[in-house]
Amino acid sequence: MLHLKRRGFDLGLVEQPTETTAPATEHVKHTWQSDTAIVLPQLLSQDLQKHAENIKKSHFLMQNVLRTAEFVPFLEKTPYLENMQKNFFIVAASPEEHDEQGIEKVYVDAFENNEDDVVAEELWCKASWLSFHDEDASLRFRFSWGMEGYEDVSSDPLKQTWAGKLCDVIFPESSIITQNDTILDHLSSILGKNPSFVERIVYFNAPNGGAQFHHDVERGHAGVVFAQLSGSTFWLAASKPKLMDEIIAFVQHDNNQAAIASVLPEQAQQQTLTKLCQNRDDLSCYMEEPDHELIEALIDRCPTFVAYMISQGFAHHLQAGDVLLLPQRDIDNCVWHSVFTIGDTPGEALSFAIR
Ligand SMILES: [Fe+2]
């Protein structure tokens with residue numbers, strides 16, 4: 001049994017879903033095209049051994065950032081300094097005071113032959129907390145370029161590529177994804193071209209951490225590949241239409257009214273939720289609103305709904321060496337996903353957008 005806890009909400013004990021067989025390429029492509037998450041179990045076992053030293057170093061970096069709430073000072077030391085110097089120089093560091101979750105951001109330019117030959121500017125890597133919860137020590141390192149939150153990042157593939165290369169030098173274990181023949185074969189067959197891995201995030205999901213249900217649709221990106229390098233995570237993943245089907249079925253079933261009332265105690269809230277579930281378009285629009293508390297209460301905090309989603313086959317348990325593919329076709333057909341950290345130690349994971 002697995003215990004699902006996230007930022008103070010206890011979703012209870014659940015059966016451990018198992019995935020043991022590696023799916024064939026045709027099956028992976030078909031599953032992707034039907035907007036369904038795919039697990040490639042234990043694909044990375046050998047790579048994890050090869051990168052054991054890098055993974056150890058990254059764990060150490062994570063602990064240092066956690067301990068000091070600083071990031072850039074560590075990039076100016078061995079081995080990061082030497083690895084970066086070949087193609088990058090640090091332009092500035094920002095304490096990200098405007099962003100409560102931000103720890104520190106480093107701005108970097110990339111050059112090819114010498115420092116005068118700059119090929120990409122305003123690249124950055126930002127270390128952040130994943131939440132404001134005192135008991136969730138989850139961290140992430142995100143790689144991108146330009147004005148965060150304003151820029152259309154997909155408008156400049158060259159900068160995206162160099163931000164990816166910056167991730168390669170700070171977290172060399174990135175090649176576990178980017179040079180994995182099986183991942184490349186699957187994605188080439190899906191995309192009809194060689195994939196590139198952009199908008200990268202290196203996660204350290206700590207106990208009590210994870211992510212609420214969300215999607216990762218971004219213009220120009222086909223989806224996300226997630227690799228569990230250490231630790232373990234539990235996932236619920238369903239395309240938006242399927243998630244809406246399940247929300248509607250759950251809300252309209254008489255037996256679930258007490259469970260709904262446990263997370264939405266006010267009758268007015270329950271009535272609004274019931275009404276939303278009577279009109280698919282209204283429900284769909286509501287789910288895209290930044291504040292969609294009525295749905296959040298149900299899909300992120302209601303143990304009976306989580307158990308229901310598991311019974312409907314939407315759960316995955318990722319252990320070190322597992323890979324998860326998450327298609328993100330468009331806003332109406334993307335795979336929504338919810339993540340829980342399992343176990344007592346923070347684990348490292350790579351989450352790269354596919355272009
Ligand atoms: Fe995500």
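Phe 143 is buried in the predicted model, with a relative accessibility of 1%; buried denotes under 20% relative accessible area, exposed over 50%, and partly exposed the range in between, for a 1.4 Å probe and protein chains only. The model is a prediction in which local features require pLDDT of at least 70 and side-chain atom pairs pLDDT 80 or more, whereas totals for chains, interfaces and linings use all residues. Residues are numbered from 1 along each chain as its sequence is written, and side-chain values rest on heavy atoms, with hydrogens and water left out.

Phe 143 belongs to strand S7. Helices (H or I, at least four residues) and strands (E, at least two) are DSSP runs numbered from the N terminus. When neighbours within four places in sequence are set aside, the contacts of Phe 143 are Trp 124, Cys 125, Ala 163, Leu 166, Cys 167, Ile 170, Phe 171, Glu 199, Arg 200 and Val 202, a contact being heavy atoms within 4.5 Å. Between the C-alpha atoms of Phe 143 and Gly 231, which are 88 residues apart along the chain, the separation is 22 Å.

An iron ion is bound by three protein donors: His 214 through NE2, Asp 216 through OD and His 337 through NE2, at 2.1 to 2.2 Å. Donors are N, O and S atoms within 2.8 Å of the metal (3.2 Å for Na, K and Ca), and sites may look incomplete because water is not among the atoms. The spacing of the donor residues in sequence is H-x1-D-x120-H. Distant parts of the chain are thereby linked, His 214 lying in strand S9 (residues 210-214) and His 337 in strand S14 (residues 335-342), 123 residues apart. His 214 is partly exposed at a relative accessible area of 26%, whereas His 337 is buried at 2%.

Two of the iron donors also appear in the description of the largest pocket, where Arg 140, Ile 201, Tyr 203, His 214 and Asp 216 are the lining residues nearest the centre, out of 48 in the lining. On a 1 Å grid over the protein atoms alone, a pocket is an open set of points with protein on both sides within 12 Å along at least five of seven lines, as distinct from a cavity, where a 1.4 Å probe fits but cannot get out; lining residues have an atom within 4 Å of a point. The volume of the largest pocket is about 1300 Å³, a volume being the space filled by probe spheres set on grid points, which are joined across faces, edges and corners. At least two lining residues are supplied by each of strands S6 (118-129), S7 (139-145), S8 (197-205), S9, S10 (223-228), S14 and S15 (347-354), and by helix H13 (293-301). The lining comprises 20 nonpolar, 15 polar and 13 charged residues. In this division Ala, Val, Leu, Ile, Met, Phe, Trp, Tyr, Cys and Pro count as nonpolar, Asp, Glu, Lys and Arg as charged, and the others, Gly among them, as polar.

The second largest pocket holds about 220 Å³ of space. His 214 is again among the lining residues, together with others including Phe 213, Met 287, Glu 296 and Trp 336. S9 contributes the largest share of this lining, 3 residues, and both S9 and helix H12 (280-288) supply at least two. By class, 4 of the lining residues are nonpolar, 4 polar and 3 charged.

Helix H13 is mostly covered, with 8 of its 9 residues buried. Glu 296, Asp 300 and Arg 301 are among these buried residues, as are Leu 294 and Ile 295.

The model contains 0 disulfides, a disulfide being a pair of cysteine sulfur atoms within 2.5 Å. For Cys 302, the nearest cysteine sulfur is that of Cys 277, 12 Å away; Cys 302 is buried at 0% relative accessibility. The sulfur of Cys 334 lies 14 Å from the closest cysteine sulfur, in Cys 285, and is therefore too far for a bond. Cys 334 is likewise buried, at 0%.

Several backbone features were also identified. Most residues other than glycine have a negative phi, and most peptide bonds are trans. The peptide bond from Thr 78 to Pro 79 is cis, with omega near 0°, and Pro 79 lies in the loop between helices H4 (72-75) and H5 (80-85). Asp 35 has a positive phi, near 55°, and occupies the loop between helix H1 (25-33) and strand S3 (38-40). Gln 42 has a phi near 50°, also positive, and is placed in the loop between S3 and helix H2 (45-50). Asp 35 is buried at 8% relative accessibility, whereas Gln 42 is partly exposed at 42%.
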